[in-house]
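The exercises below are meant to be worked with the sequence and the coordinates at hand. Each task is followed by a solution that proceeds step by step.

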Amino acid sequence: MTGEQIAVLGAVALVCAVTLLLGGPGLSRSTGDFFVASRRVPPWMNASAIAGEFLSAASFLGVAGLILAHGTYGLWFPVGYTAGFLIVLLFMAAPLRRSGAYTIPDFVVLRFRSAMMRRMTVIVVVAAGWLYIVPQLHGASIALSATGGAPGWVGPLLVALVVLFVVLTGGMRSVTLAQAVQYWVKLTALLVPTVFILLQVGFWERLELPEFNGAWSAGLASLSDSGDQWGEFSRSLSVMVALMMGTLGLPHVLVRFYTNPDGGAARRTTTFLLGLLVLFYLLPVLLGVIARMVWGTTTGAGALAGTGGLSHDTAILRLPAAVFDGLASDLLTALIAGGAFAAFLSTTSGLVVSVSGVLSQEFFSGTVRGFRLGALLAITVPLVVGSATSELALAGAVAMVFTFTASALAPVMLLGVWWRGLTAQGAFWGMTVGAVSSLTAQVLGLALGEGPVQDGATQLLVSPALWCVPLAFAVTVLVSRFGRQQPPSHTDAVMERLHTPELAALRPGR
Amino acid sequence: MSDSDAGPTGPTGPTGPAALRIAVRGPEAVPTVREALLTRSQAADHARTAGADSDQRAQAVRGLIRAQLRLALILGVGFFCTVVVTSLLLVTTGLGSLTLWGVPLTWAVPGVGFFPVLLGLAWYFRRRSEANEQLWAEVLGLSLQSPGTRPRTAAVASPAQTAQTAPTAEDPR
């Protein structure tokens, strides 16, 4: 075992231990505690928890990897992720909290009173959750094998066991605390190495030198073709649409809004959250640019592949070793690996909590025992699927999930909150068309291979959000308007509940 | 019926802006006997539910939803269009190769440029949406506690914070 491997395994063990400690038993008491922490979480803590939960393998490792491999295309991911929460703030944060529902299917039932819609939403939410857990486990696998020298199955299994323990014993309350801590762990784990690497590379002096102009070129010849300009443009735009709208449908993020005390607090939480995300995303962007400086040539990219990096997703993990020697390199690598593990753990546990919440409400009558059964199901399925699927780029895989939720859930959620004319029939068809079209297009696109920009029409198959999302919106609106069904009779009452401030915030006018 | 009409222009305490508002909004409505006998929280509850079928109430809610939706659409669609136009400019014109401290704009703008815009929009939306809710509460004769503030001062619970004066309703945290 090398010094680096010992340091990395030590850091990962420490992160797991802290997570177990924070998530241990003894903090939650009731079913409400289990599902939504009894809605007693203050905004700053909630914002940290949402950020901790949201910043996944894709953000922590994937963004810098994409910048290294594809240049400016990777820069759109942080913007899209952050803009997604702007959309959540603008359209969903307060109404969702005021709906008072536990899960997305609960919200759908409140709005439509339709058992069929509920079943449909459960399927979509659980599918999205499962699809999202797979890249997290995959990230854990490459992180541990690239730096810790462990076999590929160790990472996913470790994540699954830790998450199961925390979720089974603590539920949402302890997960909230653990998630809030995870954000600051992740920030530190990128901030400290970034500062050290910047000092070592002498970033600011060398920035002006001509040989580093290579870092600014659009794509690396060895890693991607920067071919068709319009293909590139439509790809970036499609990613923006998927990330902006897809955040609306992320089950593990939306469940967090139910833990705010009221609608106003939900808005404050989201505003604060945007700040936390911006603070974090500056770091992977910076590290991605540095990675291009270090490996920004064909030979450099070859060297990266040769150092045990399975893909460009391990770029951040290999960066300290490329810049430093000896102990400094070992410690910084361990710090980044620990932070990456925090990302896998927090996102996975958030997803497991929301998926098991949905599963238990739908199939196990909403008890604590049902929640635990749901948690078991929520992690086992991705573990099996993940070990069977091929390796995708982390950020690309997560973008696919965003495309799915943006097409299947976002139109129904948005129109459900803002449009009286929406019918259960319209919502059903919108959800179906969105889910089917985005999944089909992406599976076909995968068959064509990810990576280089394709020309026009093919690119629209690989990243289909640009037409899937408008299509789902159009179907929802058209079926609602011209279908035979009337909007639910209680629509006005629900609308009032969603959009007016809570009773507790009101006082008589004097 | 008169319950929901009562109150919006009542005396609001010793604060200056409140005194100004009375002059603008006209005479004070006299509370009903029933309302006068209620506790503060009961009165809030009562005023909220009493006129459940009144036109004024339904209209107020519709107005609130419309105002919030307009605000959200302007900001959200506006941001997306800004992103599209900016990236088109960077790709199709020579603008992208201009450098800022050695960094080409094709990198600097998506890398860091949109973040301050996002934060600014979020801050502005929160302010405006809370002002919209204040306005709604005022129409119903209620006053909205500024979210996040504990009931410390009379000014917080006074209807003086209208859409025009709401910028002062800051979150102290």
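**Exercise 1. A helix pair across two chains**

Task: In this predicted model, determine at what angle helix α5 of chain A and helix α4 of chain B pack, and which residues make the contact.

Solution. Begin with the axes: helix α5 (residues 76–99) of chain A and helix α4 (residues 55–92) of chain B pack at an angle of about 165°, and their axes are 9 Å apart. Because angles over 145 degrees count as roughly antiparallel, α5(A) is roughly antiparallel to α4(B). The handedness comes next, and here α5(A) passes α4(B) in a left-handed crossing. Turning to the residues, α5(A) contributes Trp76(A), Val79(A), Ala83(A), Leu86(A), Ile87(A), Leu90(A) and Phe91(A) to the contact, while α4(B) contributes Leu69(B), Ala72(B), Leu73(B), Leu75(B), Gly76(B), Phe79(B), Val83(B) and Ser87(B). Sorted by class, the residues of this contact comprise 13 nonpolar and 2 polar ones, with no charged residues.

**Exercise 2. A helix pair within chain A**

Task: Find how helix α4 of chain A is oriented relative to helix α14 of chain A, and state which classes of residue form the contact.

Solution. The axes of helix α4 (residues 57–70) and helix α14 (residues 315–323), both of chain A, come within 8 Å and cross at roughly 75°. Since the range from 65 to 115 degrees counts as roughly perpendicular, α4(A) is roughly perpendicular to α14(A). At the contact, Phe60(A), Leu61(A), Ala64(A) and Leu68(A) of α4(A) meet Ala315(A), Ile316(A) and Leu317(A) of α14(A). The division by class gives 7 nonpolar residues, with no polar and no charged ones.

**Exercise 3. Two buried residues and their neighbours**

Task: Establish whether Ser59(A) is buried or exposed, and identify the partner of its side-chain polar contact; then describe the surroundings of Leu190(A).

Solution. Ser59(A) is part of helix α4 of chain A, and because its relative accessibility is 1%, it counts as buried. Its side chain makes a polar contact, at 2.8 Å, with the side chain of Tyr281(A). Leaving aside residues up to four places away in sequence, Ser59(A) touches Phe54(A), Tyr81(A), Phe280(A), Tyr281(A) and Pro284(A).

Leu190(A), in turn, lies in helix α8 (residues 154–201) of chain A and is buried, its relative accessible area being 0%. With the same exclusion of residues up to four places away in sequence, Leu190(A) touches Phe60(A), Phe280(A), Leu283(A), Pro284(A), Leu287(A) and Ile316(A). Comparing the two lists, Phe280(A) and Pro284(A) are touched by Ser59(A) and also by Leu190(A). Leu190(A) and Ile336(A) are 146 residues apart in sequence, yet their C-alpha atoms are 6.3 Å apart in space.

**Exercise 4. From a covered helix to an exposed loop residue**

Task: Work out how many residues of helix α6 of chain A are buried, and then where Arg113(A) is found and whether it is buried or exposed.

Solution. Helix α6 (residues 104–112) of chain A is mostly covered, with 8 of its 9 residues buried. These buried residues are Ile104(A), Pro105(A), Asp106(A), Phe107(A), Val108(A), Leu110(A), Arg111(A) and Phe112(A). Just after α6(A) comes Arg113(A), with a positive phi of about 50°, although this residue is not a glycine. Arg113(A) is found in the loop between α6 and α7 (115–147) of chain A. Because its relative accessible area is 57%, Arg113(A) is exposed.

**Exercise 5. The chains as wholes**

Task: Describe chain A and chain B by their secondary structure elements, their buried fraction and the sequence separation of their contacts.

Solution. Chain A has 22 helices and 1 strand, and of its 510 residues 64% are buried. Among the contacts in chain A with a separation of 6 or more, 86% are between residues 24 or more positions apart. One C-alpha pair of chain A with a wide sequence separation is Ser349(A) and Val163(A), which are 186 residues apart along the chain and separated by 5.3 Å; Ser349(A) belongs to helix α15 (residues 326–363) and is buried, at 7% relative accessible area.

Chain B has 5 helices and 3 strands, which follow the pattern α-α-α-α-β-β-α-β along the sequence. Of its 173 residues, 47% count as buried, and residues 24 or more positions apart account for 57% of the contacts in chain B with a separation of 6 or more.

Notes
Residues are numbered from 1 along each chain as its sequence is written. Chains are lettered from A and ligands numbered from 1 in the order in which they are written. This is a predicted model: local features need pLDDT of at least 70, side-chain atom pairs count only at pLDDT 80 or more; totals for chains, interfaces and linings use all residues. Side-chain values use heavy atoms; hydrogens and water are left out. Axes are lines fitted to C-alpha atoms, for helices over the stretch in contact, and angles run from 0 to 180 degrees between N-to-C directions. Helices (H or I, at least four residues) and strands (E, at least two) are DSSP runs, numbered from the N terminus. Angles under 35 degrees count as roughly parallel, over 145 as roughly antiparallel, 65 to 115 as roughly perpendicular and the rest as oblique. A crossing is left-handed if the near helix is turned anticlockwise from the far one by less than a right angle, and right-handed if clockwise. Contact means heavy atoms within 4.5 Å. Ala, Val, Leu, Ile, Met, Phe, Trp, Tyr, Cys and Pro count as nonpolar, Asp, Glu, Lys and Arg as charged, and the others, Gly among them, as polar. Buried means under 20% relative accessible area, exposed over 50%, partly exposed in between (1.4 Å probe, protein chains only). A polar contact is a pair of N or O atoms within 3.5 Å; within protein, one must be able to donate a hydrogen and the other to accept it, and residues adjacent in sequence count only if both atoms are side-chain atoms.
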